[in-house]
Each structure stands twice: as C-alpha cells, then as structure tokens.
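Here's a quick tour of a model you can rotate while you read. Have a look at it first, then we'll go through the contacts and the surface.

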Amino acid sequence: EEMTKSQDESINQDSNTQSKESSDSNQVESQVKSVANNSDSNAKYVSEITELKEKYLRLMAEFENFKKRTARERLELITTAGKDVIVSFLDVVDDCDRA
C-alpha cells in the first residue's frame, strides 16, 4: 500500500512537472511571438526615426541657406540703395556745378 501511495505521488509529480513544462513552453512561445512583434514595431520605429532625422537635417540645411540668402540680399539692398541715392545726388550736384 505504501508503494502504491509513493507511486501515485510520483505519478502526480510527473504529471505536475509535465503540465508545468507545458505551461512554461506556452509562455516561452508567447514571449517569442511578443519579441517578434516588438522587433517588427521596433523596425517600424527605427525607420520612422530615420525618416524624421532626414527631414530635420533638410530643414536645418534649408534654414541655413535661408539665413545666408537673406544676409546676402540685405547687404545687396544696402549697397544698391546707397548707389541710387548717390546717383540722384550726382544729378543735383551736376546741375549746381553748371549754374
């Protein structure tokens, strides 16, 4: 009778071990699927980040070009405006010299 109890306990332990292993196996499979899904979403995020970095760099380059262009145009406007004033005064000075 004691052997039967010990055999029953052994069978129960084996059964518990098998169900635990099965449960562990299911958990591992679900974790593997989760990691696979995460790597897909991570790849998505990485590509999105790369795209946003490229946009940022283009915008920064465009802004730098804008600053250079406006500085150049401003300098050109100042020198051109000075020329126009001087040319208009030359006419007046010439008229004064003739008189």
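Which residues make a nonpolar surface patch of about 360 Å²? That would be V85, F89, V92 and V93. One of them, V93, sits in helix α1 and is partly exposed, with a relative accessible area of 42%. That value fits the patch, because a residue needs over 30% relative accessible area to be part of one, and V93 has 42%.

Keep in mind that this is a predicted model.

**The overall picture**

The fold is quick to describe: the protein has one helix and zero strands. Helix α1 covers residues 2-98, and the protein has 99 residues, of which 0% count as buried. The exposed area comes to about 9,300 Å², and carbon and sulfur atoms supply 56% of it.

**The aromatic pair**

Search the whole structure for aromatic pairs and you get one. The partners are F63 and F66, with ring centres 6.4 Å apart and 25° between the planes, so the pair counts as stacked. The cut-offs here are centres within 6.5 Å and planes under 30 degrees apart. Along the chain, F63 and F66 are three residues apart in helix α1, about one turn of the helix. What about their exposure? F63 is partly exposed at 43% relative accessibility, and F66 is also partly exposed, at 40%.

**The salt bridges**

How many salt bridges does the count come to? Two, and here they are:

| Salt bridge | Closest N and O atoms | Spacing in helix α1 |
|---|---|---|
| K55 with E51 | 3.8 Å | four residues apart |
| K67 with E64 | 3.3 Å | three residues apart |

For K55 and E51, the four-residue spacing in helix α1 means that about one helical turn separates them. K67 and E64, at three residues, are likewise about one turn of the helix apart. The cut-off for a salt bridge is 4 Å, and the K55 with E51 contact has its closest N and O atoms at 3.8 Å.

Are these charged residues buried or exposed, or something in between? K55 is partly exposed, with a relative accessible area of 45%, and its partner E51 is partly exposed too, at 44%. In the other bridge, K67 has a relative accessible area of 39% and is partly exposed, while E64 comes in at 33%, which is again partly exposed.

Definitions and conventions: Residues are numbered from 1 along each chain as its sequence is written. This is a predicted model: local features need pLDDT of at least 70, side-chain atom pairs count only at pLDDT 80 or more; totals for chains, interfaces and linings use all residues. Side-chain values use heavy atoms; hydrogens and water are left out. Helices (H or I, at least four residues) and strands (E, at least two) are DSSP runs, numbered from the N terminus. Buried means under 20% relative accessible area, exposed over 50%, partly exposed in between (1.4 Å probe, protein chains only). Accessible areas come from the Shrake-Rupley method with a 1.4 Å probe; for residues, only the protein chains shown count as cover. Rings of Phe, Tyr and Trp (its six-membered ring) pair if their centres lie within 6.5 Å; planes under 30 degrees apart count as stacked, over 60 as edge-to-face and the rest as tilted. Patches are made of residues with over 30% relative accessible area and no salt bridge: like charges are joined within 9 Å, nonpolar side chains (Val, Leu, Ile, Met, Phe, Trp, Tyr) within 5 Å. A salt bridge is a side-chain nitrogen of Lys or Arg within 4 Å of a carboxyl oxygen of Asp or Glu.
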